[in-house]
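Biologist: I'd like to learn how to read a few features of a protein model. Could you walk me through them?

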Amino acid sequence: ATAMGIEEALLLHLQSHAAIVDSGDWAARSSFDHGAVMDVIKSLQGSGFVEAQSIKRNSWILTAEGESYAVRGSPEFQVFQAVPPEGISRVELEKKLEASVFKIGTGKAMKNKWLESLKGGTLLRKVQGVTDEVKLQLLEIRDGQHVEVPDNAITDLKNRKLIESRTWVGYSLKKGPKYAPKRVKPATDLTREILQSGEWKEREFKPYNYKALGQPTEGGHLHPLLKVRTQFRSIFLEMGFEEMPTNNFVESSFWNFDALFQPQMHPARDSHDTFFLKAPARTHKLPEDYLERVRRTHEEGGYGSIGYGYDWKRDEAEKNLLRTHTTAVSSRMLYKLAQDKFVPKRYFSIDRVFRNEAVDRTHLAEFHQIEGLVCDRGLTLGDLIGVLNDFFSRLGIKKLRFKPAYNPYTEPSMEIFSYHETLKKWVEVGNSGMFRPEMLQPMGLPADVSVIAWGLSLERPTMILYGIDNIRDLFGHKVDLKLIKSNPICRLGIH
Ligand code: PHE
């Protein structure tokens with residue numbers, strides 16, 4: 001029977017009876033499993049449908065040996081049965097019986113005066129027939145509702161280890177304060193059917209549990225880097241920046257270095273610092289006029305510069321690499337911008353870059369850069385500081401300090417520091433500067449146009465926000481997928 005069936009039967013029984021004195025008896029009479037009945041009673045008691053009191057009884061159950069005698073008869077009975085009217089020698093008798101039955105049964109049968117032993121070892125029946133009381137008692141204990149086995153017999157069976165005591169637990173119950181012949185579970189939803197039938201007028205509704213946890217969300221989960229990227233992106237968009245296309249990890253040295261006035265003998269252009277491609281190893285298609293102006297600027301300068309004074313090689317500029325910074329994207333975009341009538345622009349990008357570095361707890365060979373630039377007439381260092389203060393304050397970082405720095409493509413250049421409230425010290429949060437005329441003018445931008453720019457890693461703020469102190473726990477093959485499933489939403493600027 002199902003729990004529902006048991007519940008119905010029980011409530012119905014209580015409708016016409018004052019009580020159920022013993023749940024065990026009731027279960028047996030109704031052919032229900034007593035354990036299942038107990039569960040139903042507990043549940044009904046919990047909602048006040050019944051009032052139940054537990055009752056305990058000591059009862060007896062058969063041991064494995066007791067079970068076997070209940071089926072095959074006691075050993076003394078088996079022995080008696082095996083003795084023919086003309087008698088039998090002990091040796092012959094032993095052959096006919098199981099060893100333990102012979103051993104236990106012979107003594108008991110003699111003691112019961114069922115058998116006698118003649119000289120010479122012959123066993124003879126002393127009585128015509130016997131009743132196997134032990135078997136009957138065992139059956140009574142096993143199957144009986146009310147066991148009527150005399151106390152001394154119980155003691156015997158216990159001493160022979162044919163029965164064991166067990167505490168039986170059940171309930172005695174009557175109608176409870178909320179009794180009804182049928183339990184209608186409170187509705188959990190207000191359905192169309194309940195509304196249409198008018199049932200809503202009487203139906204009890206289960207109260208909302210505002211503290212219940214929601215269902216775990218199945219399906220995709222965003223990586224913390226993606227969540228933080230989304231936040232940075234919305235800050236840029238709020239500040240009127242346009243996103244640059246960053247969908248090329250492979251770049252030529254020309255756009256990654258040469259266009260940025262980075263000399264060809266610069267150490268960053270070494271294979272120890274940069275991943276160069278074997279195939280395709282080179283980019284042959286480059287804007288020729290512009291390339292020529294870049295060559296001249298590197299070699300002999302111009303636009304007020306004396307250049308580097310070395311022999312610039314096209315071969316070096318053609319080498320393909322995995323871009324080492326997203327400033328390569330900025331150089332392409334600024335060149336493109338310079339090909340039309342000038343309009344001021346604010347650009348940003350957030351994407352992956354690659355460096356041939358030893359991996360440790362703060363460095364990976366691939367990571368993400370956040371890059372922003374403003375391109376307009378007459379911009380000054382003051383504009384750069386102003387934009388940086390605006391940008392970082394939207395991240396919740398109010399205190400900034402700047403330190404003079406060097407980049408081949410910016411002058412002046414500044415490292416950006418912010419005061420870390422928990423670390424109680426100034427930490428570097430980015431790099432910035434004003435792009436050099438040696439970079440901008442060969443592109444064709446008007447001489448009075450300046451570009452202020454800055455860059456930072458996406459990993460650093462993400463690690464701080466999510467309390468991760470090893471970058472390999474954040475990105476790469478060692479990342480724990482559980483972290484991805486359970487990391488909280490990202491809220492920048494709220495401290
Ligand atoms: N490209 C620089 C870097 O990789 C960051 C930077 C961007 C610096 C723009 C100045 C201006 O660290």
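**Reading the surface and the backbone**

Modeller: Gladly! Keep in mind that this model is predicted. Let's start with Asp-273, which is partly exposed at a relative accessible area of 34%. Asp-273 sits in the loop between α12 (253-256) and α13 (288-300).

Biologist: Which residues gather with Asp-273 in a patch of negative charge on the surface?

Modeller: Asp-270, Glu-357 and Asp-360 join Asp-273 in that patch. There is also a nonpolar surface patch of about 390 Å², made by Leu-190, Leu-195, Trp-200 and Phe-205. Leu-190 is exposed, with 53% relative accessibility, and belongs to the loop between β6 (163-175) and α10 (192-197).

Biologist: How many disulfides does a search of the whole structure find?

Modeller: A disulfide is a covalent bond between the sulfur atoms of two cysteines. Here the search finds zero. As for cysteines, Cys-375 is buried at 0% relative accessible area, and Cys-490 is buried at 9%.

Biologist: And how should I read the backbone?

Modeller: Most residues other than glycine have a negative phi, and most peptide bonds are trans. In this model, Ser-31 has a positive phi of about 55 degrees; Ser-31 is exposed at 64% and lies in the loop between α2 (23-29) and α3 (34-46). Tyr-303 also has a positive phi, about 50 degrees, and is partly exposed at 35%.

Biologist: Which peptide bond leading to Pro-280 is cis?

Modeller: The one from Ala-279, with omega near -5 degrees. Pro-280 is in the loop between α12 and α13. Another cis bond joins Glu-411 and Pro-412, and Pro-412 is in strand β13 (residues 410-420).

Conventions:
Residues numbered from 1 in each chain as written. Predicted model: local features only at pLDDT ≥ 70, side-chain atom pairs only at ≥ 80, totals over all residues. Heavy atoms only, no water. Patch = residues over 30% accessible without salt bridge, like charges linked within 9 Å, V, L, I, M, F, W, Y side chains within 5 Å. Areas by Shrake-Rupley, 256 points an atom, 1.4 Å probe, with all protein chains shown as cover. Salt bridge = Lys/Arg side-chain N within 4 Å of Asp/Glu carboxyl O. Lys, Arg positive; Asp, Glu negative; His and termini not counted. Charge placed at Lys NZ, Arg CZ, Asp CG, Glu CD. Helix = DSSP H or I, 4+ residues; strand = E, 2+ residues; numbered from the N terminus. Buried < 20%, exposed > 50% of the residue type's maximum accessible area, 1.4 Å probe, protein only. Disulfide = S-S within 2.5 Å.
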